[in-house]
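Biologist: Could you walk me through one part of this model up close? I'd like to look at the sheet and whatever packs around it.

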Amino acid sequence: MDRLKRFRVAFVIGIIVLLVGGAVVLFGQPGAMMSEQTSFVAMPTPAPMLSGAPVPAQRDTASFAGGVSSGESAIGSEVAVQRLIIKNASIALEVADVLAAEQALRQKAEALGGFVASVETYGSGEDLRATIVLRVPVEHFEAVLRDAEGLASNVLRRSVSGSDVTEEYVDLEARLRNLEATNARLLDLLSRAQNVNDALMVNQALTEIQEQIERIKGRMQYLEQSAAMSTITVELLPVPPPTPIIEEDAWQPLEVARIALRNLIQLGQTLANAVIVFLVWTPVWLPLVLIAVWARRRLSQRT
């Protein structure tokens, strides 16, 4: 009986020891548990190319598995980013010589590293007009605008605008990073595909991702080029002729004499035409006149 009791006590103690030991193994080493988790590290990314010049970006990395790094305290302070602004201008100028002004604008743009996007001319002679579109580096935007206005006798219209596309550019950059990461994962899956169907499915998804990447890169390149090269549209108009001293509605004796002389000439031409027609029709009217005269004489002799 004593043996049975001692056996039961030993059994209970053994169970308790096993439970305590298991608890120590499970909960007594938290570092081992945490070591099995995946550590995610925020990778630094390059800053966007804004206004033709890269802005260095310094971003701290933080491991979410091992706690908070010292750089995470500086997350609230944003890195200053140069704005990406597309500048455009449209002006209308009155110039003494349209062709000379067009040539001067062309030479100015090319000397500053720009170019002429298009030229349209219409009219001829003193009524010749032209519209020239210039693409110039953004740092020379104001200088070219001032020089263009300096060629004019009169500035008829001036419109300058700027479009801030920084937010769109940054958003495109973030989307590009995500798509490139997805592209890398798909390439890894494609290399580990076990059968043809899996390979085809992954390849189809990979093609769609690469198309999106190309579209985003194209849009980003367009924004960069548009911000780096400003657009200036210049309409060149001839200087209007001076206003005459005598108004059109005032008395103009020379004009009156000119009209009277023209009417006199027209009257003389009309009379001369009538004489010519009369002579041409002589074979018709002359016999009739002679018959009428002969008949009148016969009647007078009978009476």
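Modeller: Sure, and keep in mind that this is a predicted model. Start with the sheet: it is open, has 5 strands in the order E4-E5-E7-E3-E6, and its pairing is mixed. Strand E4 (115-122) and strand E6 (154-164) sit at the edges with a single partner strand each, so one side of each has no neighbour in the sheet. Going from one strand to the next, the twist averages 10°.

Now zoom in on the E4 edge. E4 pairs with strand E5 (residues 129-137) in the antiparallel sense, over 7 bridges. If you want a spot to find on screen, look for Val119, which stands opposite Ile132 in E5.

Next, the helices. Helix H3 (residues 98-111) packs on the sheet and touches strand E3 (85-95), E4, E5 and strand E7 (229-238). The direction of H3 makes about 10° with that of E5. Helix H6 lies across E3, E5 and E7, and runs at about 50° to E7.

H6 has a helix partner too. Helix H5 (residues 166-191) packs with H6 (residues 196-228) at an angle of about 155°, and their axes are 9 Å apart. Because of that angle, H5 is roughly antiparallel to H6. The crossing of H5 past H6 is left-handed. As for what lines this contact of H5 with H6, its residues split into 17 nonpolar, 5 polar and 7 charged.

Conventions: Residues are numbered from 1 along each chain as its sequence is written. This is a predicted model: local features need pLDDT of at least 70, side-chain atom pairs count only at pLDDT 80 or more; totals for chains, interfaces and linings use all residues. Side-chain values use heavy atoms; hydrogens and water are left out. Axes are lines fitted to C-alpha atoms, for helices over the stretch in contact, and angles run from 0 to 180 degrees between N-to-C directions. Helices (H or I, at least four residues) and strands (E, at least two) are DSSP runs, numbered from the N terminus. Angles under 35 degrees count as roughly parallel, over 145 as roughly antiparallel, 65 to 115 as roughly perpendicular and the rest as oblique. A crossing is left-handed if the near helix is turned anticlockwise from the far one by less than a right angle, and right-handed if clockwise. Ala, Val, Leu, Ile, Met, Phe, Trp, Tyr, Cys and Pro count as nonpolar, Asp, Glu, Lys and Arg as charged, and the others, Gly among them, as polar. Two strands pair if DSSP finds at least two bridges between them. Contact means heavy atoms within 4.5 Å.
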